[in-house]
Amino acid sequence: MPLSLMALAAGAFGIGTTEFIIMGLLTQVSTDLGISLPTAGTLISGYAIGVAVGAPVLTLLTRTWPRKRLLLSLMLIFIAGNVAAAAAPGYGWLMAARMLTSLTHGTFFGVGAVVATGLVPPHKRASAIALMFSGLTLATLLGVPAGAWIGQHFGWRSAFVAVAVLGVAAYAILALFVPRDQGRPQHSPLGHELAALRRVQVWAGLGITVFGFAGVFALYTYIEPLLKQVTGMSDSLVAVTLLLFGAGLAAGNLLGGRMADRGVMQALLLTTAGLMAALALGPWAFGQPLVAMAYTIVLGTVAFATVAPMQMRVLQQAGPAGATLVSSLNIAAFNLGNALGAWVGGLALSGLGLVSVGWAGAALTGVGLLLALWSGRMSASAPAIGQTRQCA
């Protein structure tokens, strides 16, 4: 693996940890700040909305920046946001800190995905994206359970301090391994980049990402209270279960990349259908600890198997001129899905109880699957922009 790709994965690890860490601390934050669980869940939605806004805006504003300066600047914002979260006196401050941190997310992953595809031969591009996103899966595998453990023993604020330290380490790795002359971006005129947004298939791909991935967060946002209140797990067993979920994410990430290298649309349909089926089984998965633990591995695997196919699909449809912008927009779409899923899951929780969040998630992912089927039919008669028909 190129050192620059490893550096991107290191940054992804830090950013991924701060995105997901709140899920292992939801009960603590709710109790300490005197807010309800659904309100605490909006801290996830707020982060996702910040990504959705920050991704296209920062990508366009920094489109001429040298890559190294851009990446290091994003990590400085990341560090500041997590320090602010650790010092939050109340819900409003914590929400603002989360949204500040989230501004770095979309541009980092969007630009990083394009850079990653340029480091490998064309037939390995989906796997390259998966390798960069391995930092995100490692964040869930190691960073989030570690954050939950720190929160349980030293308080949730200490967990955000630890994430800020991770950010400092990621900054140092990026500074060390991304060369100063690692290319000023080759950018097309702004009008050419924006022209990609006139393509129906680009919007179809973004819609697939929003709804397809929303189902994951309808359930996973409330995984901690599900495991504690429904399954009856102790804090230590919850941490182990979150670790297993992260292992599933890591496996699914690599699986999705390999599947997409063989055929993006086929991988997209198979992984989205598998995710919908897994979410539909959610209401029956939390009755026994062993069943719940096995289920979280399966859910993590099918959830992240969708990521590389979804990202490659929009890159295919955007064409070279619009790749960076559309790639960042698809990261925003993932996080809009996160926000939508957390919100719909909260509605289901309030109306029908905790176990209903799996059905809510399956319904959301089902919409994404329908969009994927429609998009695939459109592609049958027209190849992706800049690609051969075989790539679709």
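This tour moves through a predicted model, from the whole chain to selected helices, residues and a cavity.

**The whole chain**

Begin with the full chain displayed as a cartoon. The chain has 15 helices and zero strands. Of its 392 residues, 59% count as buried. Among contacts between residues at least 6 apart in sequence, 85% join residues at least 24 apart.

Next, colour the model by pLDDT. The mean for the chain is 82, and 90% of the residues reach 70 or more. Confidence is highest in helix α12 (residues 264-280), at a mean of 93, and lowest in helix α8 (residues 190-195), at 67. Then select residues 384-392: pLDDT stays under 50 there, and the model has 19 contacts beyond four places in sequence for this stretch.

**Helix α10 and E224**

Select residues 223-230, which form helix α10. The buried residues of this helix are I223, E224, P225, L226 and L227. To see what covers them, add the surrounding helices, including α2 (26-33), α3 (37-61), α9, α11 (235-262), α13 and α15 (357-379).

Now display the side chain of E224. Is E224 buried or exposed? With a relative accessible area of 2%, which is under the 20% cut-off, E224 is buried. The side chain of E224 reaches the backbone nitrogen of L26 at 3.4 Å. Apart from neighbours within four places in sequence, E224 is in contact with M23, G24, L25, L26, T27 and V238.

Step along the backbone to G232, just after α10, where phi is positive at about 80°.

**Helix α13 and V291**

Move to residues 289-305, helix α13, with 17 residues. From the first C-alpha to the last, α13 reaches 25 Å, close to the 24 Å expected at 1.5 Å a residue. Its buried residues are A292, M293, Y295, T296, L299, G300, V302, A303, F304 and A305. As seen from α10, helix α13 is among the elements that cover the buried residues there.

Within α13, pick V291. Its relative accessibility is 43%, so V291 counts as partly exposed. A distance label between the C-alpha atoms of V291 and T231 will read 9.5 Å, although the two are 60 residues apart in sequence.

**Helix α5 and T107**

Select T107, in helix α5. T107 has a relative accessible area of 1% and is therefore buried. Leaving aside neighbours within four places in sequence, its contacts are G54, A55, L58, T59, T62, L70, L74, G112 and S328.

**The largest cavity**

Finally, turn to the empty space inside the model. How many cavities of 30 Å³ or more does a search of the whole structure find? The search finds three. The largest cavity has a volume of about 120 Å³. To centre the view on the largest cavity, select E19, H105, F133, L136 and F334, the closest to its centre of the 14 residues that line it.

Which helices each supply at least two residues of this lining? They are α1 (3-20), α5 (91-117), α6 (125-154), α9 (200-220) and α14 (307-352). Helix α14 gives the most, with five residues. Displaying these five helices together with the cavity shows the elements that supply its lining in this way.

How values were computed:
Residues numbered from 1 in each chain as written. Heavy atoms only, no water. Helix = DSSP H or I, 4+ residues; strand = E, 2+ residues; numbered from the N terminus. Expected span 1.5 Å × (residues − 1). Buried < 20%, exposed > 50% of the residue type's maximum accessible area, 1.4 Å probe, protein only. Polar contact = N/O pair within 3.5 Å; in protein donor to acceptor, adjacent residues only side chain to side chain. Contact = heavy atoms within 4.5 Å. pLDDT = per-residue confidence, 0-100. 1 Å grid on protein atoms, 1.4 Å probe; cavity = no way out; pocket = protein on both sides within 12 Å on 5 of 7 lines; lining within 4 Å. Points joined across faces, edges and corners; volume = space filled by probe spheres on them.
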